[in-house]
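Trainee: I'm new to this one. Can we go through it together, with you showing me the reasoning behind each label?

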Amino acid sequence: MKKSTLLHAELSYLVATLGHTDEVTICDAGLPVPDQVQRIDLALTHGVPGFIETVRTLLSESQIEGVVMAEEFQQVSPALHQSLMGLLQEEQAHTGREISVTYLSHDVFKQRTYNSRAVVRTGECTPYANVIFQAGVVF
């Protein structure tokens with residue numbers, strides 16, 4: 001049995017096959033998922049699993065160098081946005097590597113998800129709780 005944090009087979013495979021600059025979207029329960037992008041649907045019910053616990057788990061398994069978020073996330077859901085920023089600061093401290101942060105309008109963000117290797121849908125019901133991770137390298 002796998003010993004590390006991430007047990008979900010599809011997510012584990014996705015992380016293992018990411019290349020430098022590949023993008024993965026982690027989203028709330030309402031973000032539309034493009035038909036041509038792999039959907040990994042984790043949503044069980046409202047809030048389960050949550051956005052932050054999903055982000056925390058993926059950060060424990062993957063190296064990221066950048067994140068992309070909608071401007072509206074910071075404005076409409078500041079508490080959850082701040083929680084995400086705290087996790088990113090912890091990740092930077094842990095790895096010693098800077099993580100770039102880019103903000104786009106929500107409409108442009110949704111278009112950007114078409115470039116993702118996969119969209120991971122959570123049960124989160126907080127507006128604009130979406131982030132795109134850009135894969136980094138461990139060397």
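Trainee: Leaving aside neighbours within four places in sequence, which residues is Glu23 in contact with?

Mentor: Keep in mind that this is a predicted model. Glu23 is in contact with Arg112, Asn115, Ser116, Arg117, Ala118, Ile132, Phe133 and Gln134. Glu23 itself lies in strand E1.

Trainee: Why does Glu23 count as buried?

Mentor: Buried means under 20% relative accessible area. Glu23 has 9% relative accessibility, so Glu23 counts as buried.

Trainee: What makes the link between the side chains of Glu23 and Arg112 a polar contact?

Mentor: The cut-off for such a pair of N or O atoms is 3.5 Å. The Glu23 and Arg112 side chains are joined at 2.7 Å, and a second polar contact, of 3.2 Å, joins the side chains of Glu23 and Gln134. Both values fit within the limit.

Trainee: How do you know that E1 and E5 pair?

Mentor: Pairing takes at least two bridges. Four bridges join E1 to E5, so the two strands pair, and they run parallel. In one of the bridges, Val24 has Ala118 of E5 as its partner. Strand E2 (residues 38-41) is also joined to E5 by four bridges, again parallel, with Asp41 partnered by Arg121.

Trainee: Which way do the residues of E5 point?

Mentor: Ala118 and Val120 point one way, Val119 and Arg121 the other, and all are buried.

Trainee: And which residues have the most contacts inside the largest nonpolar core?

Mentor: That core has 28 residues, and the ones with the most contacts inside it are Ile26, Phe51, Val55, Val67, Leu84, Val131 and Phe133. A second, separate core of 10 residues includes Cys27, Val68, Leu104 and Phe109.

Definitions and conventions. Residues numbered from 1 in each chain as written. Predicted model: local features only at pLDDT ≥ 70, side-chain atom pairs only at ≥ 80, totals over all residues. Heavy atoms only, no water. Core = buried A, V, L, I, M, F, W, Y, C linked by side-chain atoms within 4.5 Å. Buried < 20%, exposed > 50% of the residue type's maximum accessible area, 1.4 Å probe, protein only. Polar contact = N/O pair within 3.5 Å; in protein donor to acceptor, adjacent residues only side chain to side chain. Contact = heavy atoms within 4.5 Å.
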